[in-house]
Amino acid sequence: MSSYISPIREPLVTGNKTYHQITEDLASPTEKAPGRAWIIGFILAISALAFGLFCITWTVWHGIGTWNLNRTIGWGWDITNFVWWIGIGHAGTLISAILLLFRQKWRTGVNRAAEAMTIFAVICAALFPGIHVGRAWVVFYFFPYPNTRGPLWPNFNSPLLWDLFAISTYFTVSLLFWYTGLVPDFATVRDRAKGFRKKIYNFLSFGWTGSAKHWQRWEALSLVLAGIATPLVLSVHTIVSFDFATSVIPGWHTTIFPPYFVAGAIFSGFAMVLTLMIVTRKVLNLQDYITFAHIESMNKVILVTGTIVGVAYLTELFIAWYSGYVYEQFAFFNRALGPYWWSYFGMMFCNVITPQFFWFKKIRRSLFWTFLLSIVINIGMWFERFVIIATTLARDYLPSSWSYYSPTWVEMGIFIGTLGLFFTLFLIFTRVAPVVAIAEIKSILKSAGDQYTGPNAHAHDHHNHGHENVMHAVHSTEEKEASVKEAGTILTMEDDLKRLEGIGPKIEMTLKAAGIKTFQQLLGTDVSRLQTILDEGEGNFKGNSPESWPEQAKLAYEGRWDELNDLQDRLDGGKY
């Protein structure tokens, strides 16, 4: 019998792809006109962004009084949304940096979009502190510069200032890491482009040639940036948590906040990545590159981080009870049974109960349930930030100052505007750059492609080697007769001629109409005969040279796929 290939490791690239097909599938969305779904999504996103810009203008013109903040509740939707967006921005760098350092191959299908999500989410988050200043035109006080205004940053120890450093550093490193990964793919798109578009991508690719030295430097830089970004994943939301934990307000003044915020950020970030990637997977037909194996792996991370968040919730409750501190106990009693009880139980249901469904493999591998639960989790994480901020501030030490906060249309409009900004940027990104990293998918093809690993690799081997594999190690007469019949079936079945460079769907139909349906038949056909078939076929096939087809068909028939890939790369002028 032929050698057994373990099905334990599930393929991460399906569809029996060649290097050339990977390039076609991932680069073509940047070259074709956008589809109807993309256009509808872009119109909705740009409309939400326009409404948000109107609300921001309204706020700057009329003042923060347009928000429903008051003496008791000085933080409302603005800081809630700020922390929520920062949390969403966490998963991108986690997927890219930590999983790169640990050499996890399943990151390749989702890391590019996750990195882009990080950049766009941090941009959305950065809007809120600038607006919340109240006088946005003096926001330059945040930054050091030579001046005659006296010492800047008089309150240098403020955690709000630490936010500025942490988030700007995180954004810079994430931007560099994201762009570094894009350079080889920009070069690939450049080599396929023409005219002014080619000049743009030539500038974006920094003169990338794909030489060994370029790859060496690219990988070294990626590892260095990953090493820098990994502690940032932990530090940024830790510092955001200090905005609350360094205060003396009951319900905030707790040492569990840093790890609790980090786990929650990763939790919500992975959920948003899944929401985006499931939609992108469908709209751009990336099912062969964002597989159920990717989705299941991410759901496992959500399950772990969601459990950590649930333990943190219960720990907070236990410590409040165990401390015997009446104000701390009241803060948590008020969260559960006070006027904001609906947000507390919404948070507990979305963040503690729903992730537990991912214990079941069928749900982990279900697109519908994964998409639904990812949205529920993001809603729950927004509730969590709202609960921490609004319910804690609404009831302070003086009952006479107790208040109830609900947002105005301006606050809701600004949040809708940030959602519009996020999706506008993401949709533009899908038109400018490959959503899945071409170079990184190719790097794992031979170890994670379905023709090399998994349960289908064995069948693929039969198909490519024809009767030789079927006849291998047959002992009995009955087995020989059965194998000859099987070999005859394999030899007469049609092959996918489109796998050969220069043959598209129309040419394949023309060849099969002429009786050339397999690699074996094609390799035995004279080039002049092939040219005659093209000339007489229905379609304009001028410029299509069949000279290399018999040689390519010979390599495909003999199962020499690596040599075929090398030949196709040479035929393609060195372009993958």
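**Figure 1. Phe 206 is an exposed residue in a loop.** Welcome to this predicted model; our tour starts at Phe 206, which has a relative accessible area of 59% and is therefore counted as exposed. Phe 206 sits in the loop that links helix 7 (195-204) with helix 8 (212-245). Look at its backbone too: Phe 206 is not a glycine, yet its phi is positive, at about 55°.

**Figure 2. Asn 285 is another loop residue with a positive phi.** This view moves to the loop between helix 9 and helix 10, where Asn 285 is found. Asn 285 is not a glycine either, and its phi is about 55°. Is Asn 285 buried or exposed? With a relative accessible area of 56%, Asn 285 is exposed.

**Figure 3. The whole protein is built with helices and no strands.** Stepping back for a moment, you can find 24 helices here and zero strands. The protein has 576 residues, and 52% of them are buried. What share of the contacts between residues at least 6 apart in sequence joins residues at least 24 apart? The share is 76%. On the outside, the accessible surface comes to about 27,500 Å², and carbon and sulfur atoms account for 66% of that area.

**Figure 4. The largest nonpolar core has 123 residues.** Four members of this core touch the most other members: Trp 85, Phe 244, Tyr 260 and Phe 270. Which helix gives the most residues to the core? It is helix 9 (residues 257-283), with 14 residues. Apart from this core lies another one, made of 18 residues, including Ile 507, Phe 519, Leu 522 and Leu 534. As background, nonpolar side chains tend to be buried together in soluble globular proteins.

**Figure 5. Phe 270 and the residues it touches.** Here we zoom in on one of the core residues named above. Setting aside residues up to four places away in sequence, Phe 270 touches Ala 91, Leu 94, Ile 95 and Trp 106. Met 298, Val 301 and Ile 302 are also among the residues that Phe 270 touches.

**Figure 6. Helix 11 has a buried side.** Six residues of helix 11 are buried: Glu 328, Ala 331, Phe 332, Asn 334, Arg 335 and Ala 336. What covers them includes helix 10 (292-323), helix 12 (341-353) and helix 14 (367-394). Helix 11 itself runs over residues 326-337, twelve in number, and reaches 16 Å from its first C-alpha to its last. That span is close to the 16 Å expected at 1.5 Å a residue.

**Figure 7. Pro 546 is a buried residue in a loop.** Pro 546 belongs to the loop between helix 22 (527-536) and helix 23 (549-557). Its relative accessible area is 1%, so Pro 546 counts as buried. Leaving aside neighbours within four places in sequence, Pro 546 is in contact with Val 527, Leu 530, Gln 531 and Leu 534. How many residues separate Pro 546 and Gly 502 in sequence? They are 44 residues apart in sequence, while their C-alpha atoms are 7.6 Å apart in space.

**Figure 8. A nonpolar patch lies on the surface.** Our last stop brings together Phe 51, Phe 54, Trp 58, Trp 409, Met 412 and Ile 416, which have about 540 Å² of accessible area together. Helix 2 (36-62) and helix 15 (409-432) each supply at least two residues of the patch. Ile 416 is in helix 15, and its relative accessible area of 37% is why Ile 416 is classed as partly exposed.

Definitions and conventions: Residues numbered from 1 in each chain as written. Predicted model: local features only at pLDDT ≥ 70, side-chain atom pairs only at ≥ 80, totals over all residues. Heavy atoms only, no water. Patch = residues over 30% accessible without salt bridge, like charges linked within 9 Å, V, L, I, M, F, W, Y side chains within 5 Å. Areas by Shrake-Rupley, 256 points an atom, 1.4 Å probe, with all protein chains shown as cover. Salt bridge = Lys/Arg side-chain N within 4 Å of Asp/Glu carboxyl O. Helix = DSSP H or I, 4+ residues; strand = E, 2+ residues; numbered from the N terminus. Buried < 20%, exposed > 50% of the residue type's maximum accessible area, 1.4 Å probe, protein only. Expected span 1.5 Å × (residues − 1). Contact = heavy atoms within 4.5 Å. Core = buried A, V, L, I, M, F, W, Y, C linked by side-chain atoms within 4.5 Å.
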